[in-house]
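Colleague: I would like a close look at one part of this model, with its surroundings filled in afterwards. Please keep the account plain.

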Amino acid sequence: MKEWKEICALSDIPVLGSRRVQRSQGPQVALFRTADDAVFALLDRCPHKGGPLSQGIVFGNKVACPLHNWTIALDSGQAQAPDEGCTAKFNVRVEAGQVMLCEGELASIGLEFEPIKAGPCTRSC
């Protein structure tokens with residue numbers, strides 16, 4: 001039996017937008033909300049160059065990566081042709097307006113990747 005972790009309210013995810021879920025290890029998880037209030041969760045990492053999918057544009061049941069415009073299916077994590085590749089997906093539950101993710105998946109999926117690091121440049125200019 002899966003243990004579910006409450007993440008946020010559905011209303012905390014903008015329609016046609018995303019919200020990131022921080023984990024203690026590995027890249028963040030991106031939650032996406034479609035126009036019809038379906039919620040999907042993917043590793044916040046494009047299979048092409050590791051771009052942050054949470055910063056992409058959601059349209060229909062897809063997201064466009066902000067780096068190179070690859071289109072990723074929200075229900076499978078699969079890149080759309082002609083591109084090839086896949087990012088990990090997570091099971092999602094929405095009950096009584098609350099979005100939940102499987103604790104076991106959060107603790108195990110995508111941990112082989114380094115988290116995306118952003119911030120000031122570390123080299124001298």
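In strand E3, which residue is the bridge partner of Arg19?

Modeller: The bridge partner of Arg19 in E3 is Leu31. Before going further: this is a predicted model, in which local features need pLDDT of at least 70 and side-chain atom pairs count only at pLDDT 80 or more, while totals for chains, interfaces and linings use all residues. Residues are numbered from 1 along each chain as its sequence is written, and side-chain values use heavy atoms, with hydrogens and water left out.

The pair Arg19 and Leu31 belongs to the antiparallel pairing of E2 with E3, which has 5 bridges. Strands (E, at least two residues) and helices (H or I, at least four) are DSSP runs numbered from the N terminus, and two strands pair if DSSP finds at least two bridges between them. E2 and E3 are part of an open sheet of 4 strands, ordered E2-E3-E4-E8, with antiparallel pairing. E2 and E8 are at the edges with a single partner strand each, so one side of each has no neighbour in the sheet.

Ser18 is also in strand E2. A polar atom of the Ser18 side chain lies 2.6 Å from the backbone oxygen of Ser54. That pair falls under the definition of a polar contact: N or O atoms within 3.5 Å where, within protein, one must be able to donate a hydrogen and the other to accept it, and residues adjacent in sequence count only if both atoms are side-chain atoms. If neighbours within four places in sequence are set aside, Ser18 is in contact with Ile13, Leu31, Phe32 and Ser54; contact means heavy atoms within 4.5 Å. Leu31 therefore appears twice in this part, as a contact of Ser18 and as the bridge partner of Arg19.

Just before E2 comes Leu16, in the loop between strand E1 (4-9) and strand E2 (17-21). Its phi is near 60°, a positive value in a residue other than glycine. Most residues other than glycine have a negative phi, and most peptide bonds are trans. Leu16 counts as partly exposed because its relative accessibility is 42%; the cut-offs are under 20% relative accessible area for buried, over 50% for exposed, and partly exposed in between (1.4 Å probe, protein chains only). Asp37, in the loop between strand E3 (29-33) and strand E4 (39-43), also has a positive phi, near 70°. Asp37 has a relative accessible area of 35% and is partly exposed.

At the other edge of the sheet, Lys89 lies in strand E8 and is partly exposed at 39%. Apart from neighbours within four places in sequence, Lys89 is in contact with Ala41, Leu42, Asp75, Ser76 and Ile109. Gln78 is 11 residues from Lys89 in sequence, and their C-alpha atoms are 9.2 Å apart. In the loop between strand E7 (71-73) and strand E8 (89-90) lies Pro82, which is joined to Ala81 by a cis peptide bond with omega about 10°.

E7 in turn belongs to an open antiparallel sheet of 3 strands in the order E5-E6-E7. Its edge strands are E5 (57-59) and E7, each pairing on one side only. E6 (residues 62-64) and E7 run antiparallel and are joined by 3 bridges, with Lys62 opposite Ala73 in E7.

Elsewhere, E1 pairs with E10 in the antiparallel sense over 5 bridges, and Trp4 stands opposite Cys102 in E10. E10 (residues 98-102) is mostly covered, with 4 of its 5 residues buried. Strand E9 (residues 92-95) pairs with E10 over 4 bridges, again in the antiparallel sense, and Arg93 has Met100 as its bridge partner in E10. E9 and E10 form a hairpin with 2 residues between them, and Ala96 in the turn has a positive phi of about 50°.

The structure holds 0 disulfides, a disulfide being a pair of cysteine sulfur atoms within 2.5 Å. For Cys8, the nearest cysteine sulfur is that of Cys102, 16 Å away. Cys8 counts as buried at 4% relative accessibility, and Cys102 counts as buried at 6%.
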